[in-house]
Amino acid sequence: MTKRIFRSILTVTLAVLVSSFVLIVGVLHGYFQDRVAAELARSTAYIARGVEHEGIAYLQSEFPDESRVTWIAADGTVLFDNREEPADMGNHADREEFREALALGKGSAARYSSTLSQRTLYYALRLTDGSVLRTASAQYSVWILVLQAIQPVAFMMLAAFCMALWLAGRVAQQLVEPINAIDLGNPGEEAVYEELSPLVGKIRSQNRQIQRQVLDLKQRREEFAAITENMSEGLLVVDQETRVLSYNSAALHLLGARGPVEEGQSVLALDREAGFRRCVEESLAGRRCEELLERSDDCRRVLASPVMEEGAVAGAVLIVLDVTEKEQRDRLRREFTANVSHELKTPLTSILGTAEILENGMVKPADIPHFAGNIHREAQRLIGLVNDIIKLSRLDEGGPTAQWETVDLYAQAQAVFRQLAAAAEKKQVDMRLTGESVPARGVPQIVEEILYNLCDNAVAYNHPGGSVAMTVADTPAGARVTVRDTGIGIPREARERVFERFYRVDKSHSSGGTGLGLSIVKHGAAYLGVGVTLESEMGKGSTFTLQFPKVSE
Amino acid sequence: MRNTFNEQLERLHVELIQMGATCEDAISAAAEALLKNDEALSRAAEEAERELDRQEREVENLCLKLLLQQQPVARDLREISAALKMISDLERIGDQAADIAELTRFVRLPDGQGALHIADMARAVIGMVTDSVDSFVRHDLELARAVCAADDRVDELFDKVKRELVALIAADAASGEQGLELMMVAKYLERIGDHATNVAEWVEYSITGIHPSNN
């Protein structure tokens with residue numbers, strides 16, 4: 001813009017200078033031509049007077065040789081010429097100035113002279129005798145005069161041009177400077193030029209709009225990031241080239257990645273397990289895909305969906321879920337179903353067989369009580385099993401509807417001991433209860449169930465002559481019940497699993513029981529918020545500790 | 001121009017990751033086939049080997065295209081030349097995994113101690129292959145060096161397996177053929193370990209510009 005303004009100013013200046021120069025030259029030329037012509041006329045008149053008085057002698061004597069002088073007779077014959085031999089010159093009767101002088105007394109002309117070989121100004125004057133005196137002056141003398149006069153003018157014009165050059169630069173810069181000074185990022189209220197104010201206003205409003213939009217986008221992005229960051233599911237967005245476009249930290253955690261994803265990094269750098277790769281490939285080929293990724297200690301499900309844009313796959317969204325717990329639960333449930341069917345079937349088969357034998361009359365009357373006893377025992381076991389399952393499923397569903405109340409653990413333990421006294425005597429196990437009366441909050445039914453199952457196990461898995469010691473104590477953290485036996489103990493690898501349903505360390509079922517006892521303990525304790533810990537040494541016995549929460553007054 | 005180059009370089013990286021992953025699949029399928037005597041797994045290993053051949057050609061093409069069309073320098077050049085070397089090692093690992101898979105059809109691991117150490121060896125080798133690919137994926141120099149160090153352990157195990165097989169054959173001449181086949185498996189595993197070391201060395205070269213064998 002500066003350049004353009006500069007150039008425009010300069011062009012205008014130049015045009016003005018050139019045209020004024022031409023004008024001056026034209027005016028000067030006209031002026032000098034007039035003056036030369038007047039000079040010529042004056043000198044001709046002067047010479048003419050001389051010639052009138054002295055005749056040709058005047059011309060031949062001391063006449064200055066400044067200009068050409070020709071004396072022409074009335075018939076056109078050249079009488080004298082100071083530059084040429086008159087004899088050599090032709091008749092001059094046809095010369096314009098000559099004829100004019102003859103007719104009017106004086107004449108002038110400007111034309112090409114063959115004698116002087118240049119454009120010449122002539123002035124002719126008729127003398128009293130009818131002859132004509134003519135003087136001539138070369139026209140270039142006018143130009144010399146003009147040139148002499150024009151020199152200072154030209155210098156002045158050159159100076160003016162230089163000044164114009166400098167001024168144009170200054171002016172152009174000054175014009176543009178305020179425009180440059182406008183802060184486009186934040187244009188001020190007042191516009192420098194009135195003509196610019198709509199433009200500046202527009203920029204201002206657009207700036208504001210852009211700022212609003214940027215803020216909006218940033219906010220939305222932050223919201224999105226906050227939401228995705230707080231998701232426990234891993235979220236990954238990838239483009240066609242498998243580059244990660246967006247991700248949350250859960251995804252990194254679930255895929256076991258170290259450190260953040262670098263810009264443009266491939267999602268396959270995070271995980272390249274076969275299933276994961278298949279998911280990425282399939283989704284980028286435009287198909288939904290779901291895979292289960294199993295590693296030694298955890299289990300993740302990947303859901304991949306293609307992102308379509310105008311009919312083409314633009315990328316994919318991958319969701320990674322931690323399904324370790326779910327898979328474990330599913331496995332437990334499957335195992336439970338299988339176990340329940342098996343456990344229910346065993347006594348039923350026995351009952352069925354015995355009943356069949358009785359029905360066919362193949363039993364001696366003396367043996368009938370024995371067989372009936374069999375049926376009775378198996379049926380009892382069946383009922384015990386079903387009862388245990390019902391208890392468990394009640395606990396699963398959120399516990400029985402019984403009310404919470406303050407329970408005296410010592411009294412409960414005493415009741416349990418009374419129930420188990422017969423069984424303990426049969427196994428020759430000594431049962432001891434120590435401690436004090438300690439209150440705890442809980443559902444009496446469940447507390448009793450827990451204590452009963454622990455003691456029942458302690459008796460059932462004991463050596464003859466062994467002992468079961470239960471201690472009820474009050475600790476700062478709350479009531480604590482310890483059940484210590486001198487039984488067979490629980491192997492280290494089974495310690496986690498004994499609380500599972502139907503899990504038995506001894507697979508032969510020789511010790512009786514339903515296999516649900518400790519499972520009921522675990523679920524009951526969880527329902528009451530009681531902590532259960534297990535210590536055990538093979539062959540020496542096990543210790544179960546129940547830590548009840550503190551009773552708040 | 002640069003952008004295309006970077007895109008192609010990224011694609012190379014992704015293809016190499018995929019190739020490394022296929023390689024891991026091949027070796028772990030072969031080892032599983034060996035330990036569990038599973039026909040389907042040995043077929044999977046052979047399938048993976050064919051896939052590796054295809055991937056090798058693809059990566060090779062990409063590398064040559066990059067070299068010819070983009071004329072990379074410095075780090076990029078190192079990465080591409082290292083990739084060219086790495087793929088042949090990865091492909092060899094795939095071949096050997098397929099060889100092991102083929103042998104598993106005739107081999108039954110004895111329950112004695114020989115079997116124990118072959119299994120250890122297989123696990124160690126799988127770990128090496130995984131780590132070497134990991135070191136490439138993460139540009140992890142430490143891990144690459146750890147892979148090179150782990151090769152000594154595999155060599156040690158190889159010697160142990162060799163002695164065990166000698167003892168096995170000496171104790172029971174009838175099991176000679178089995179012993180020889182197992183020896184082959186052990187040798188293949190040992191070679192895979194070497195190739196994994198090579199891969200790790202090229203990773204080190206592409207990061208530092210100095211190949212460890214020059215030290």
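**Figure 1. Where chain A meets chain B.** The contact draws 10 residues from chain A and 10 residues from chain B. On the chain A side that touches chain B, three residues are nonpolar, three are polar and four are charged. Please keep in mind, here and in every view that follows, that this is a predicted model.

**Figure 2. Chain A as a whole.** Before we zoom in further, here is the chain that fills most of these legends. Chain A holds 12 helices and 17 strands. Of its 553 residues, 25% are buried. If you take the contacts in chain A between residues at least 6 apart in sequence, 57% of them join residues at least 24 apart.

**Figure 3. An antiparallel five-stranded sheet in chain A.** Follow the strands across this open sheet and you will read the order β7-β6-β10-β9-β8 (chain A), with antiparallel pairing. At the edges are β7 (244-247) and β8 (289-294) of chain A, each of which pairs on one side only. On average, neighbouring strands of this sheet are turned by 20 degrees against each other, direction ignored.

**Figure 4. Strand β6(A) and its two partners.** Which strands flank β6 (residues 234-239) of chain A? On one side, β6(A) runs antiparallel to β7(A), joined by three bridges. Look for V237(A), whose bridge partner in β7(A) is S246(A). On the other side, six bridges link β6(A) to the antiparallel strand β10 (residues 312-322) of chain A. Here D239(A) has G315(A) in β10(A) as its bridge partner.

**Figure 5. The β9-β10 hairpin of chain A.** Strand β9 (residues 299-309) of chain A runs antiparallel to β10(A), and 10 bridges join the two. M308(A) is a handy landmark, standing opposite V313(A) in β10(A). Two residues lie between the strands of this hairpin, and in the turn E310(A) has a positive phi of about 50 degrees.

**Figure 6. A second five-stranded sheet in chain A, with mixed pairing.** The order in this open sheet is β12-β14-β15-β17-β16 (chain A), and the pairing is mixed. Its edge strands are β12 (430-435) and β16 (531-537) of chain A, each pairing on one side only. From one strand to the next, the twist averages 10 degrees. Within the sheet, β14 (residues 467-475) and β15 (residues 478-485) of chain A pair in the antiparallel sense over eight bridges. To find your way along this pair, look for D474(A), which stands opposite A479(A) in β15(A). Helix α10 (residues 409-427) of chain A lies across β12, β14 and β15 of chain A, and runs at about 175 degrees to β12(A).

**Figure 7. Two helices, one from each chain.** In chain A, helix α5 (residues 197-229) has 33 residues and spans 47 Å from its first C-alpha to its last, close to the 48 Å expected at 1.5 Å a residue. Is α5(A) buried or in the open? Of its 33 residues, the number buried is zero, so α5(A) lies largely in the open. In chain B, helix α2 (residues 39-70) has 32 residues and reaches 46 Å between its first and last C-alpha, close to the 46 Å expected. Just after α2(B) comes Q71(B), with a positive phi of about 45 degrees.

**Figure 8. Nonpolar cores.** The largest nonpolar core has 87 residues, and those with the most contacts inside it include A26(B), I27(B), A30(B) and M121(B). Beyond its neighbours within four places in sequence, M121(B) is in contact with V154(B), L157(B), F158(B), V161(B), A186(B) and L189(B). A second, separate core of 38 residues includes V429(A), A458(A), F544(A) and L546(A).

**Figure 9. I446(A) and A526(A), one buried and one partly exposed.** I446(A) sits in helix α11 (residues 444-460) of chain A. Why does I446(A) count as buried? It has 25 C-beta neighbours inside 10 Å, and 20 or more are enough for a residue to be called buried. Leaving out residues up to four places away in sequence, I446(A) touches G524(A), Y527(A) and L528(A). I446(A) and H523(A) are 77 residues apart in sequence, yet 9.7 Å apart in space, C-alpha to C-alpha. A526(A) belongs to helix α12 (residues 517-528) of chain A. With 13 other C-beta atoms within 10 Å, A526(A) is partly exposed. Its C-alpha is 9.1 Å from that of L395(A), and 131 residues separate the two in sequence.

Note on methods
Residues are numbered from 1 along each chain as its sequence is written. Chains are lettered from A and ligands numbered from 1 in the order in which they are written. This is a predicted model: local features need pLDDT of at least 70, side-chain atom pairs count only at pLDDT 80 or more; totals for chains, interfaces and linings use all residues. Two strands pair if DSSP finds at least two bridges between them. Helices (H or I, at least four residues) and strands (E, at least two) are DSSP runs, numbered from the N terminus. Two residues are in contact if their C-beta atoms, placed from the backbone, lie within 7 Å. Ala, Val, Leu, Ile, Met, Phe, Trp, Tyr, Cys and Pro count as nonpolar, Asp, Glu, Lys and Arg as charged, and the others, Gly among them, as polar. Axes are lines fitted to C-alpha atoms, for helices over the stretch in contact, and angles run from 0 to 180 degrees between N-to-C directions. A residue is buried if 20 or more other C-beta atoms lie within 10 Å of its own, exposed if 12 or fewer, and partly exposed in between; C-beta atoms are placed from the backbone. The expected span of a helix is 1.5 Å times one less than its number of residues. A nonpolar core is a set of buried Ala, Val, Leu, Ile, Met, Phe, Trp, Tyr and Cys residues joined through C-beta atoms within 7 Å.
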